[in-house]
Each structure stands twice: as C-alpha cells, then as structure tokens.
Amino acid sequence: WLKTPREQLRSSALHGESRGRSAMSAGATASSASPGPPGAECGRVSSALQRQNSTGSHLSRFVKGTTIEKPPNTDGEGLWGILNHPMNLMLVCLPLGFTAFWLDWGPVPVFGLNFLALVPLAKILGDATEELAAGLQSDVLAGLLNATFGNAVEMVMMVQTLRAGKTDVVKATLLGSVLSNVLLVLGMSFFFGGILGQKQKRTSFMSGLGLVDEEPHGSYKSADGSREFVAEKVQSFSAMTALVNTSMLLLACLVLSLVTIFYQEASNESIYGEIGMDSVILGVSRVCSIIMMISYVAYIFFQLVTHRQAMSEEDDGGEPEEPTISIRMSLVVMLLVTCVVAFCSDLLIQSLDGVVEKAHISEHFIGIILLPIVGNACEHASAVRFSIMDKPGLAVGIAVGSSTQIAMFVVPFSVMCGWAIGQPMDLDFGSLNTTVLMVSIIVVLSIIVDGQANWLQGYLLISAYAIIAVLYFWMPDTTSLRSE
C-alpha cells in the first residue's frame with residue numbers, strides 16, 4: 001500500500017504472469033480453466049483500474065474562481081436536468097421583454113422584464129460551463145475554464161455597456177459585484193448557517209438518568225431531517241483559501257486606490273492639462289491592468305499546480321458525478337445562451353436612461369445594487385444552502401472566490417476591452433468607491449482570518465451592505481464615479 005499506483009499495477013502484472021506460468025505447468029486442468037493467455041485476467045483488472053482512475057478523478061465541478069469542488073446544480077440527466085429548476089420559471093420574462101421592446105411599452109417594463117430574464121439565463125450558462133468542465137476529464141482544463149468563463153454573464157454585460165459608452169455604469173456594476181459577494185452573500189451564508197441546523201439529540205450519562213437534556217453546540221440532525229434554530233453554533237472552514245483570495249482582493253484595492261490618488265494629485269498640479277491627463281491615466285490604467293492579469297495567472301497557477309491540495313476543501317469521499325450532458329451539447333448551450341444574454345443586455349442598457357428618468361432611481365444604485373443580482377442570484381442561493389448544510393467552505397469559496405475573479409480578471413479585462421473598442425475605460429473608480437471597497441475588504445478579512453464564523457458576523461456584513469445601499473440610493477447622478 002506504500003507503492004504508487006504505477007508500481008502497484010506493474011507488480012500485480014508480474015504476479016499475474018508468474019501465477020499464469022505456474023498454472024500452465026500444473027497440468028491440463030489449470031490450462032483448460034483459463035480461457036485466455038497467461039496474465040489476461042490481470043490485464044483486464046489493470047485496464048479496469050485505469051478506466052476507473054481516468055474517469056473517477058477528473059470529473060469535478062468547481063466553485064467559481066477556485067479549485068473547491070461543489071455538487072452539481074442540475075437535477076436529472078440530459079438537458080432537462082439543467083432546465084428543471086424553479087428559477088427557470090422566470091424564463092417567461094424573456095419573450096415578454098422582447099415584446100415590450102418591439103411594441104414600445106416603455107423603458108421601465110423593458111428594463112424590468114429583461115432584468116428578470118437574465119437571472120435564469122445566467123444560471124443556465126453557469127450550469128453548461130460546469131458540465132463542460134466536468135466532461136473534459138482534466139482538472140487543469142476544468143480549473144482554467146472555471147477561472148476564465150466563470151463570470152461570463154458579467155463579461156457580456158460589461159462589453160455591451162462599454163459599447164454604449166457608459167463607463168461609469170461598468171465601474172459601478174463591477175464594484176457592486178464585488179461588494180454583493182463579500183458582504184451580502186457571505187453575510188447571509190454566515191447568518192443562516194449560524195442559526196439553522198438539523199436537530200439531533202445527544203445523550204450523556206447524566207442525561208440518561210433524566211437529570212440533563214443535553215443538545216449539541218453545532219448543527220444537529222433529527223429523524224425527519226427538519227431544520228430549526230440552533231444555539232451556540234460556530235462553523236469552521238479553511239482559512240488559507242479565504243486568506244489567499246482576500247490578499248488578491250487587497251491587491252486590487254491597492255491598484256484602484258493608487259490610480260485614483262494619482263489622478264487627483266496630477267490633476268491638482270495641472271502638469272499635463274485636461275486632455276493630457278486623460279491620456280496619461282488611460283496609459284497608467286492599461287499597464288496596471290496587464291500587471292493585474294499576470295498576477296491572476298500566477299494565482300491560477302498557484303491553486304491549480306503548486307498548492308492544489310492546500311487550496312481545496314476536504315471532500316466527503318463521495319463518488320464523482322458524471323456530466324449530465326455531452327461536451328458538444330454544452331458548447332451549443334453556451335453559445336446560444338451567450339447570444340441571448342448579449343441581446344437582453346443590449347435592451348437593458350438601452351432602457352437604462354429612461355428608467356433613471358421615469359423611475360427616479362440613480363445610475364449608481366442600479367449599477368452597484370441591482371445589476372449584480374443578475375449574474376449572482378443562483379450563486380447567492382447556493383452559498384446560503386451550502387452554509388445551512390454545514391459546508392461553510394463552499395459558501396466562502398463562492399463569495400470570496402467570485403469576488404477575486406471579478407476584481408483581478410474582469411476589471412482589468414474591461415480596461416483592455418475599452419482599449420480595443422476605443423472607449424476610455426480606466427481604473428480611476430473615484431475616492432468614495434475605492435474607500436468603500438477597501439474598508440469592506442478589511443472588514444471581511446477581520447472576520448474570516450480565524451477560519452470560524454457565527455451568525456453575528458453574518459449580520460454585521462449584511463448591515464454593512466445595507467448601509468452602502470442606502471448611501472448609493474441617495475447619491476445623485478450628477479456625481480461621477482471618476483475623481484474630479
């Protein structure tokens with residue numbers, strides 16, 4: 001058992017051949033009992049072991065932006081397994097959104113219907129990406145696919161918004177995606193995971209005498225499996241994975257803060273002038289974006305190659321799940337859904353100005369609070385569900401890992417896309433926004449640093465997100481996200 005799998009197969013093959021030769025020398029009885037050549041049975045066993053190793057260890061679904069394995073979102077086999085979800089009932093808003101645009105029902109119905117239609121489309125696109133990763137039979141390829149296309153909906157919406165020239169909305173949406181993940185999603189996961197559990201009576205010597213009715217301090221389970229309120233519950237998770245992701249988020253905050261301060265200081269000195277300063281800040285942002293993307297590649301290499309086991313949560317020893325759809329079907333679904341998401345995003349962006357005017361909602365609130373719901377609603381629900389099931393590592397991976405992917409990959413990628421299509425997208429997010437982001441990440445770091453969580457910490461994160469939502473709801477549209 002101390003040998004490697006290759007050495008075990010080699011030694012078992014040699015043992016099988018020697019056993020076959022001894023059987024042949026024993027007489028005609030042994031030779032008639034073996035239907036094939038010597039060692040054929042060992043060859044069949046070896047091939048079976050190879051097939052098991054080739055299929056069992058590579059079928060994985062990962063949390064977005066991490067190498068933490070997660071259960072599939074599908075319920076069933078084939079394409080119906082992806083579509084069979086209550087959230088997909090909102091797909092009825094898809095034809096209604098198109099109809100509202102073509103019949104000119106007004107900007108508010110067009111925005112609302114396409115907004116609701118994008119939520120199930122994001123789930124279907126994410127499930128198809130997971131099934132494609134599971135069917136590749138390669139953990140490295142699956143991890144790379146998850147690291148690059150995990151936020152496909154946000155990237156499509158970002159490109160469509162950049163084409164419309166709304167760089168402030170792009171910055172607000174990216175900022176809101178990070179804030180909603182690290183504050184709202186993580187907070188709700190810790191809160192509900194800290195107060196809900198499956199009840200199970202636990203007896204001791206004193207309770208057996210009827211003197212003490214003892215119950216556990218963590219989650220516990222009853223015969224019917226019902227969940228109810230739990231007292232004194234503290235959940236534990238891998239601190240290393242959370243701290244590495246938080247360090248990446250702090251690096252992103254460092255870049256955004258320095259670029260913002262540089263723009264303010266250089267503008268006050270009037271060294272470059274107005275036109276020259278815009279060109280300088282674009283050049284600085286593009287160089288910094290390239291460095292950020294290289295850092296993200298190093299992060300992917302770290303979690304996929306050099307520290308794969310350390311960055312993965314301990315599994316429960318269950319059998320790996322087979323992909324529900326083929327690779328070809330996954331690619332077809334991803335292509336079709338991406339085209340529909342691009343069209344819905346275009347209609348949503350076109351109606352944005354009318355919604356701001358008629359519904360009296362600021363662009364800041366729409367970009368930072370509302371639009372991030374589109375791409376993260378399914379992941380939000382999954383994080384809370386995993387935390388209630390006493391899997392806080394999955395919840396932390398969903399919240400913090402997705403935020404890392406947005407801050408270190410999607411944000412610099414948006415600068416590169418703006419450079420390619422001629423839009424002045426830079427890393428100057430404004431002093432208020434960089435302050436909000438930096439303080440939020442520091443608060444999250446103080447909570448996850450010990451690898452434990454309770455409901456009070458979750459409530460504090462939710463309160464912080466609510467305060468930020470109130471702040472941006474009352475911020476007027478005349479206030480630009482860019483430093484002035």
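Me: How much area does the protein expose, and what share of it do carbon and sulfur atoms supply?
Reply: The protein exposes about 23200 Å², of which carbon and sulfur atoms supply 64%, with areas taken from the Shrake-Rupley method with a 1.4 Å probe. This is a predicted model, in which local features need pLDDT of at least 70 and side-chain atom pairs count only at pLDDT 80 or more, while totals for chains, interfaces and linings use all residues. Residues are numbered from 1 along each chain as its sequence is written, and side-chain values use heavy atoms, without hydrogens and water.

Me: How confident is the predictor in the protein, and where does pLDDT stay under 50?
Reply: On the scale of pLDDT, the predictor's confidence in each residue from 0 to 100, the protein averages 76, and 69% of the residues score at least 70. The value stays under 50 over residues 1-11, for which the model has 6 contacts beyond four places in sequence (heavy atoms within 4.5 Å). Residues 13-59 are also below 50, with 27 contacts beyond near neighbours in sequence.

Me: Why are α15 and α16 called roughly parallel?
Reply: The axes of helix α15 (residues 363-370) and helix α16 (residues 372-388) cross at roughly 20° and come within 7 Å. Angles under 35 degrees count as roughly parallel (over 145 roughly antiparallel, 65 to 115 roughly perpendicular, the rest oblique), and α15 and α16 are therefore roughly parallel to each other.

Me: Which residues of α15 and α16 meet?
Reply: In α15, I366, G367, I368, I369 and L370 meet P372, I373 and V374 of α16. The residues of this contact divide into 7 nonpolar, 1 polar and no charged.

Methods:
Axes are lines fitted to C-alpha atoms, for helices over the stretch in contact, and angles run from 0 to 180 degrees between N-to-C directions. Helices (H or I, at least four residues) and strands (E, at least two) are DSSP runs, numbered from the N terminus. Ala, Val, Leu, Ile, Met, Phe, Trp, Tyr, Cys and Pro count as nonpolar, Asp, Glu, Lys and Arg as charged, and the others, Gly among them, as polar.
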